[in-house]
Amino acid sequence: MYGNQGSIGLLVPSVNTVVEPEFNAAVPEGYAVHAARMRNTTADLEDAVAMLSHVERASDELGSANVDVVVFACTSSSFVQGTDGESRLSRTIEQSSRTRAVTTSNAVRQALLSLNARRISMVTPYTADINALEVDFLGAAGITVESEAGMGVVDAYSIAKVDPEFTYREALLTVDPACDVMFLSCTNLKTFEILDDLERKIGVPVVSSNSASLWAALGALEVDYAIPGLGVLLGAPATV
């Protein structure tokens with residue numbers, strides 16, 4: 001039976017075509033994934049903030065499906081207003097959905113801390129101003145971004161068209177030898193197929209927005225699990 005063990009609700013940017021397939025391919029048997037979409041178009045600061053106006057409506061819709069946890073599956077929109085903004089977003093989701101909330105940016109932050117990451121390298125599809133806000137957000141948690149690269153993709157739908165092999169090469173070019181973790185940001189960036197190989201190549205854990213979000217969602221459901229092929233973060237039981 002679909003979801004007889006539990007269900008995850010995803011708040012998905014309307015142009016995002018990656019996070020749902022990656023979640024559905026990875027969730028353990030017995031868990032279901034349901035989604036509500038939030039209208040967006042561009043991968044810029046204005047659109048990242050504007051999309052937040054759809055949160056209450058979409059959270060209410062997911063809550064009506066009796067999901068067990070709601071994941072705000074957009075990295076940039078959950079960090080663009082800083083730590084306080086992320087906290088407000090989580091409260092809004094919980095009030096509107098009447099269940100627990102996870103945001104991608106907080107999931108990333110907690111995943112990195114669980115791996116004892118204090119210095120990271122980061123690759124994103126974002127423009128420089130969005131990258132700078134993410135550096136600040138992570139820095140507030142004591143995580144220093146030692147090296148970073150943004151692809152400058154402005155059309156949000158086109159992020160899904162980025163070849164994972166291109167992201168792989170960007171990570172190799174960007175990684176700082178002293179970093180503790182490599183982070184691949186954005187839930188519309190295809191990453192699941194490269195996480196393991198990239199970890200082996202650079203010799204440190206690799207976390208993506210979707211791997212962290214799934215880790216946090218299953219952790220919220222108190223699932224004792226290991227999902228092979230998706231890096232060390234998802235290769236051990238979650239602790240959130």
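## Helices across the sheet

In this predicted model, helix α5, made of residues 82–97, lies across strands β1, β3 and β4. Its direction is at about 145° to that of β4.

A second helix, α3, spans residues 55–64 and lies across β1, β2 and β3. Helix α3 runs at about 150° to β2. Strands β1 and β3 are thus named for α5 and again for α3.

## The sheet

The strands crossed by these helices belong to an open sheet of four strands, with parallel pairing and the order β2-β1-β3-β4. Its edges are formed by β2 (31–38) and β4 (100–103), each of which pairs on one side only. On average, and with direction ignored, neighbouring strands of this sheet are turned by 25° against each other.

In general, the strands of a sheet pair through backbone hydrogen bonds, either parallel or antiparallel.

## Strand β3 and its partners

Strand β3 covers residues 69–72 and runs parallel to β1, residues 6–13, to which it is joined by four bridges. Within this pair, V69 of β3 stands opposite I8. The pairing of β3 with β4 is also in the parallel sense and has four bridges. Here V71 has V102 in β4 as its bridge partner.

Which residues of β3 are buried on each of its faces? V69 and V71 are buried on one side, and V70 and F72 are buried on the other, so to speak of β3 is to speak of a strand with both faces covered.

## Helices α8 and α9

Another helix pair is formed by α8 (residues 164–174) and α9 (residues 195–202), whose axes come within 11 Å and cross at roughly 25°. Because angles under 35 degrees count as roughly parallel, α8 is roughly parallel to α9. The crossing in which α8 passes α9 is right-handed.

Which residues make the contact between the two helices? From α8 they are Y168, A171 and L172, and from α9 they are D197, L198, K201 and I202. Sorted by class, the contact of α8 with α9 holds five nonpolar and two charged residues, with no polar ones.

Terms used: Residues are numbered from 1 along each chain as its sequence is written. This is a predicted model: local features need pLDDT of at least 70, side-chain atom pairs count only at pLDDT 80 or more; totals for chains, interfaces and linings use all residues. Side-chain values use heavy atoms; hydrogens and water are left out. Two strands pair if DSSP finds at least two bridges between them. Axes are lines fitted to C-alpha atoms, for helices over the stretch in contact, and angles run from 0 to 180 degrees between N-to-C directions. Contact means heavy atoms within 4.5 Å. Angles under 35 degrees count as roughly parallel, over 145 as roughly antiparallel, 65 to 115 as roughly perpendicular and the rest as oblique. A crossing is left-handed if the near helix is turned anticlockwise from the far one by less than a right angle, and right-handed if clockwise. Ala, Val, Leu, Ile, Met, Phe, Trp, Tyr, Cys and Pro count as nonpolar, Asp, Glu, Lys and Arg as charged, and the others, Gly among them, as polar. Buried means under 20% relative accessible area, exposed over 50%, partly exposed in between (1.4 Å probe, protein chains only).
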